[in-house]
Amino acid sequence: MNGIVSYGVHLPYWRLDRSKITQTLGQGGGRGTRSVASFDEDATSMGVEAGRRALAAAAPGYGGPGILAYATTAPGYLDKTNATAIHAALRLDDCVPAFDVGGAAKSGTAATIMAHNGGIAVLSDVRTGRPGSADEAAGGDAAVALIFGDDAVIAEPVGYAPVTAEFVDRWRVPGESYSRQWEERFGEHAYVPLATQAVGDVLKQADVQIGDVDHAIVAGLHTRSVKAVSKQLGCAPERLADDLLDTIGNTGTAHWALMLANVLDQASPGDLVLVAHLADGCDASLLRVTDEIVAFRERQRSTAAEQLAATTTELDYSSFMTWRGFLEREPPRRPEPDRPASPPSLRGNAWKYGFVGGQDDGGFIHLPPGRVSVESGAIDEMTPVPMADRRATIATFTIDRLAYSLAPPVVAAIVDFDGGGRMQVELTDVDPAEVKIGDRVEMTFRRLYTVDGIHNHFWKARPVRS
């Protein structure tokens, strides 16, 4: 039986209270909050974090995915494959292929179809709109990873019915940072009959009635259509899944999967889940939750609700604008970072992306890995040691108000890893005033900076909050 065997969600630490948009611009905003990728996060780094959680929650004996499919509308690169950075950070076998499925909100469905036979689908998005626009306020940033397989299935497929249609309701020219929309009533006119057809087809396939559905998920970037379809489904209101728009916002490519993860966090064995995703047509799926969901929850690192509870709404609108690139601010009078060089990045691939150190014959862990043991002098006899999932303790730290950063000051700490290994690392998602010696931290994959169009991804540390 093939189906979802594990999943993981990554929600950024930061959320923006929408009222701050109105306070600053006098327009836009609205109620609630939206999630915001930090200055050092992008769709790639968030995808890595979701993938790490999904792999960590897989059943004992899981051998790893056979393919990685990555979907986003906010790729870090064109021409170059973005999925390979996620592949390297997750330390997947070299023989596992990695592909981008990008450019459209519908790409997330394509990634899951590619991965459904034993792979991992990573759906990640950073949603941006023009300052003061509805898209800016309604958008959200998040990533979800779904792992598929035959053993220990937690949600098995019952039916799938796609309906494809060509029309222009939302579009974005390559190079632009925000999308444009046609008049909203047109989108509703186009989407509602398509969703009616797709949902009707999938219910017919499975020989079930809408009243048999325990959780109904309707997602899409067209808010008016989503509301209309949700209303026309005929589900009892309590069976419509939380759309998460008031707290996280619409996370684009990742949103239907984020809503599904939130449903699976709470569903009971035997529950029937309907997913209708409105994007250039409608993809309707039916899933049945299995008894394995109980064992999965014991392995799960954190639910979407637990991650949401650990976020902060202290972000100010000027920082949000700076991080999005809409507000260019005076940098510190220090040299900007150099462009990352490809040859050393390739040679140090396991360290840079996989955060793999080296342990000598005496047990000493070298970070970064070296060729020569500092104790015995042995050469090229190091054993690779994965360090990304080890927690650490701050031994000392400094707050640097001069170093280049989009979110000064920089907090640099010396940390001691559990089981051995010490290194200097930058802290992120942290209040400098609250850092103390002895604080516990965990590693997170981030984008350090971008120079000449090359993104320098590496690992930082963040406070342990859950």
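Here is a quick tour of a predicted model, covering its two domains, a pocket, a pair of cavities and a small sheet.

**Two domains**

Start with the big division of the chain. The domain assignment splits the protein into domain 1 (3–324) and domain 2 (352–463). Where they touch, 23 residues of domain 1 and 23 residues of domain 2 take part in the contact. If you take the C-alpha centre of each domain, the two points are 31 Å apart.

Inside the second domain's range there's also a database label to know about. An unreviewed UniProt entry puts the feature "domain: ChsH2 C-terminal OB-fold" at residues 387–446. In the model, that stretch is 0% helix and 48% strand, and its end C-alpha atoms sit 15 Å from each other.

**A pocket that draws on both domains**

Now look at the second largest pocket, which holds about 1100 Å³ of space. Domain 1 and domain 2 each give at least three residues to its lining. There are 47 lining residues, and Phe39, Trp323, Leu406, Ala407 and Pro408 are the ones nearest the pocket's centre. By class, the lining has 24 nonpolar, seven polar and 16 charged residues.

Which elements supply at least two residues each to this lining? They are helix H11 (317–324), strand E18 (410–417) and strand E20 (440–451). H11 has the largest share, at three residues.

**Two cavities**

The model also has two cavities of 30 Å³ or more. Here's how they are built:

| Cavity | Volume | Lining by class |
|---|---|---|
| Largest cavity | about 70 Å³ | five nonpolar, four polar, one charged |
| Second largest cavity | about 30 Å³ | two nonpolar, one polar, five charged |

To find the largest cavity, look for Val218, Ala219, Gly220, Asp243 and His255, which are among its lining residues. Strand E11 (215–220), helix H7 (223–232) and helix H8 (255–264) each bring at least two residues to that lining, and E11 gives the most, with three.

The second largest cavity is lined by Asp360, Asp361, Arg371, Ser373, Ala378, Asp380, Glu381 and Met382.

**A small sheet**

Finally, there's an open sheet of three strands, ordered E15-E14-E16 and paired antiparallel. Strand E15 (365–366) and strand E16 (383–386) are the edge strands, each pairing on one side only. How many bridges join strand E14 to E16? Four of them do, with E14 covering residues 356–359. As one bridge to look for, valine 356 has proline 386 in E16 as its partner.

Definitions and conventions: Residues are numbered from 1 along each chain as its sequence is written. This is a predicted model: local features need pLDDT of at least 70, side-chain atom pairs count only at pLDDT 80 or more; totals for chains, interfaces and linings use all residues. Side-chain values use heavy atoms; hydrogens and water are left out. Two strands pair if DSSP finds at least two bridges between them. Helices (H or I, at least four residues) and strands (E, at least two) are DSSP runs, numbered from the N terminus. On a 1 Å grid over the protein atoms alone, a cavity is a set of points where a 1.4 Å probe fits but cannot get out, and a pocket is an open set with protein on both sides within 12 Å along at least five of seven lines; lining residues have an atom within 4 Å of a point. Grid points are joined across faces, edges and corners, and a volume is the space filled by probe spheres set on the points. Ala, Val, Leu, Ile, Met, Phe, Trp, Tyr, Cys and Pro count as nonpolar, Asp, Glu, Lys and Arg as charged, and the others, Gly among them, as polar. Domain bounds come from an automatic or database domain assignment. UniProt positions are given in the numbering used here, feature names are shortened, and annotations may be inferred rather than shown by experiment. Contact means heavy atoms within 4.5 Å.
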